[in-house]
Every structure is written in structure tokens, then in C-alpha cells.
Amino acid sequence: MKSGISSEAHRAGLKVDQDRLWNSLLDMAQIGARDDGGVCRHALSSEDIEARALLIGWAKQRGYQVSVDAAANLWVRRSGKNDDLEPVVAGSHMDSQPAGGKFDGAYGVLAAFEALVAMDDAGVNTRRPVDLVAWTNEEGGRFDRGCTGSSVWSGAMAVADYLDDVGIDGVRLGDALLSTLAATPDLPMRPDTWTAHAYVEPHIEQGPVLEAKSIPIAAVTSIQGVRWMNVMIRGKGSHAGTTPFAVRKDAFQAAVRSIDALNRLMDDPDDVTRFTVGRVVLDPNSPNTVPDSAMFTIDFRHPDKQVLEDKAAQIEPLIRQAASPCTVEIVPTTTMDPTPFPEQIVGGIERAAERLGLQSIRLPSGAFHDALYAAMACPSGMIFIPCRDGLSHHPDEWAEPADCAAGARVLTATLVDLANS
Ligand SMILES: [Zn+2]
């Protein structure tokens, strides 16, 4: 061991082939390619089936074992010395947003595939097997509850919970799942849930920090927590020309005062807090009527559970005070605590980067990922690489070939040591 990783892990990391990985990304991006350079590859669609076939073909050429489970998560195993041991898992998702890019999700799957091949090329024989996973429906672009596959694998949800979800094209998830599974009838079925030794997910940052600092790697410390809520303010609709201010109950003015108070609550000199009002719905929404009601949404995120709870507890009293004399009803829609990743994984990623001569920093993830669910089932972590202008969920999404390779090197070295532990 030198600088905290094994020489075998270092050797395998160096076997990552930048051109091979880059070509696999470009090949994958042709499936569901849009005219504007982006990708539209909806979960469980014909494009998804084609993407799976491409990956399965590559895996079989290399002699890896391919399997699938009832949630259509696709698994590619590189055997270890003892395949009865719990495997180390790496991957991400291959579905995209409707106007998505080439890298969100696909990068994590193909970096994991490159890691398996790099281990072959380095002649590494790990103690545990290493399993690549392509999770089903992370994005929620077609069936709007995302992270379908990883939530089932983690045990948080069951396949049956999702079967009656209806996609934007009117197709039932259960039917799309059947046709996807029917496309690979020869694949062995794995159980829905089982225990892994560890999970590592490479992903583009989808934010601007790494690019701005010219640093190729982030060891992700956590996925920040969220509080989403709908705020309904009820006043009294009345004539805009005749109603004196003294007797008005203007729901929209009450919403404006509330949002102003929330902006002050969420003010953060460190710029870590995320606070967004993304939707306002007025009723009756008429230019000549004092609004009867105003609904607005709150999207509040923070990586520190204490901060999240403290500020969330102040939201309702603050709005009640600001919205008076209107009445207020607040309905939480999503409550998720921050998911910290264990030091064992975060530190391992950092040590791998250092030994490979790649600069790294620690960052929390602002977005949800499959790793959120994987972390419920086993020690998990994520590796971020820079993306241009921090842009994602957009056809112009872009990552540099050298950064893609850097992330795959760190992944490979991290996996080798985890698979030998
Ligand atoms: Zn993603």
C-alpha cells in the first residue's frame, strides 16, 4: 500500500483507456439521438431496449455474466475469486430526460464498464465480484416517480408499487416493464433485493463548481436533504376598482409578503442553502379581481440536517404572520433528510484520486441520484466529474474526454480495493 491504495488498484486505474471510454459514450449517445445533439431515451422505451442490447453485446464479448431483475435493472458481473461473496456494485442509469444530454446517467454506466475492462487489461483478479448496474427509470421523464429500479433494489419500494403508474405516452409501467424484459428472454433473473458490499456511482456534477476550480474529481460527501411543500393562501376575491385596501384580503399580496419573509430566512452568505419558488397559481387569475387564493411551491434544500430542520420549522409561523389577514395551509409534498456517504467510501475515492495524480475536492450533491437509495442498502458513494457550464438535463450537456477518463480511473482503483476488502 502506498498513499492508502494498493498497487494493484493503481495499476488497474492506469489501464483505463480514454478513447475506448469516449467512443462507448458516443456510440451510446446515438441511441435516442436528437437533432440538436441531445438524447431522448425514455425508461423502458424501444430506445432503452436498444441501449440495453448494446451494453449486453459489449458485456458478452468480454465474457461477463449478464442478468436482470424484476424491476429490469440490468446487471453485468465481472467474477471475483469467490463469487459467493457480496459483490461491489458500480453504475448509474441509461434513461434520459426528454431533452437530455449524452452524459447524465450514461457516463456512470459506461465508466463502470470501462472499469471492468481496465481490470481485465491489468490482469487483476479481485476477491469479490464486481457488478455493473444500469438502474431502471432514474429520471422520471416518462414515468414520473424516478429512481424506480434503485428504490426496489434497496427494499424501499416494491415492483408492484409502480406497475400501475402511467407514462406521459399513456403506457402503463407494468406493460413497458414486460416488453423490456421480453426483449432479453435469455437473461437469468436475479432476486429483486440482495446485499452488496458497497456501491459507487460516477456522474457528471450537473453544477459549476469543479469546472470553475479546474478540478477533475469530487468525492461526494452526501446528497442534500429536501423539504418540498405547497403553500395555499386564501383571501377574499373582490372588485379591483371598488374594494378599499383597508378591507381587502388579497391572497397574492399575502403570498408576496410571505416569499419576501422566506427570502430573508433563507439568506445564506455561504450560498449553500437552495430555496426556490417555482410555481405560483392564482385564482381567479383575472386582472380586475383581487385574488381569492394564491398557491405557491417551496423547494428548500440543504446538506446539513440541523439547518434543514431549523429553517423548515420556521417556515409556517413566518408565513402565517406575513400572510395575515389571509389564512394559510401548508402541505408537505416531499420530506427527505440528507444522505451522508460513509468516510470509508469518500476517503477511498480521495485516496485513489491522489495516488493517480488527480486533484480532488469534497462536494455534496445538489441533485437526487440512485445512490440515495443504494445508500439505504449498503455503504455507498459518488464520484463527480466536471461538466461544461455546469449544464445538465439539456442537449448541450458536455464533459471533456480527459475528465471522463479521470473519473473512470478513480472509479476503477476504488472498486479494486473495495472488491479486495
Ligand atoms: Zn443522472
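**A newcomer's note on this predicted model**

1. A good place to begin is the loop between β8 (238-239) and α9, where you will find Ala 246. With a relative accessible area of 77%, Ala 246 is exposed. Keep in mind as you look around that this is a predicted model. From Ala 246 to Ala 294 the separation is 48 residues in sequence and 19 Å in space, C-alpha to C-alpha.

2. Next, please turn to the zinc ion. Its protein donors are His 93 (NE2), Asp 104 (OD) and His 203 (NE2), at 2.0 to 2.2 Å from the ion. Along the chain these donors follow the spacing H-x10-D-x98-H. Since His 93 belongs to strand β3 (residues 88-93) and His 203 to strand β5 (residues 198-204), the pair ties together parts that are 110 residues apart in sequence. His 93 counts as buried, at 0% relative accessibility, and His 203 is buried too, with a relative accessible area of 1%.

3. Now for the nonpolar interior. The largest nonpolar core has 92 residues, and helix α4 (residues 106-121) gives the most to this core, with 12 residues. Among the residues with the most contacts inside it are Leu 55, Tyr 107, Cys 404 and Leu 415. If you centre your view on Leu 415 and set aside residues up to four places away in sequence, you will see that Leu 415 touches Val 88, Val 89, Ala 90, Ala 115, Met 119, Val 130 and Val 200. There is also a second, separate core of 21 residues, which includes Leu 265, Ala 294, Leu 308 and Ala 312. In soluble globular proteins, nonpolar side chains tend to be buried together.

4. Helix α10 (residues 305-323) deserves a careful look. At 1.5 Å a residue, its 19 residues should span 27 Å, and the end C-alpha atoms are indeed 27 Å apart. Even so, α10 bends by about 30 degrees at Ile 315, with a proline, Pro 317, following within four residues. At the start of the helix, a side-chain oxygen of Asp 304 comes to within 2.8 Å of the backbone nitrogen of Gln 306.

5. Which parts of the fold does α10 pack against? Its buried residues pack against β7 (225-234), α9 (251-266), β12 (293-302) and β13 (327-336). Those buried residues include Leu 308, Lys 311, Ala 312 and Ile 315. Two of the names, Leu 308 and Ala 312, are also listed in the second core.

6. Ser 154 makes a handy stop in helix α5 (residues 148-154). At 15% relative accessibility, Ser 154 counts as buried, because the cut-off for buried is under 20%. Leaving out neighbours within four places in sequence, Ser 154 is in contact with Tyr 373, Met 376 and Ala 377.

7. Two prolines are worth checking in the backbone. The peptide bond from Asp 283 to Pro 284 is cis, with omega near 5 degrees, and Pro 284 sits in the loop between β10 (280-283) and β11 (289-290). Another cis peptide bond joins Ser 324 and Pro 325, where omega is about 10 degrees; Pro 325 is in the loop between α10 and β13.

8. Finally, here are two residues other than glycine with a positive phi. For Asn 285, phi is near 60 degrees; Asn 285 is in the loop between β10 and β11 and, at 58% relative accessibility, counts as exposed. For Asp 389, phi is near 55 degrees. Asp 389 is found in the loop between β16 (380-385) and α13 (401-419), and at 60% relative accessibility it counts as exposed.

Notes
Residues numbered from 1 in each chain as written. Predicted model: local features only at pLDDT ≥ 70, side-chain atom pairs only at ≥ 80, totals over all residues. Heavy atoms only, no water. Donors = N, O, S within 2.8 Å, 3.2 Å for Na, K, Ca; no water. Buried < 20%, exposed > 50% of the residue type's maximum accessible area, 1.4 Å probe, protein only. Expected span 1.5 Å × (residues − 1). Bend = angle between axes of the 7 residues up to and from the residue. Contact = heavy atoms within 4.5 Å. Polar contact = N/O pair within 3.5 Å; in protein donor to acceptor, adjacent residues only side chain to side chain. Core = buried A, V, L, I, M, F, W, Y, C linked by side-chain atoms within 4.5 Å.
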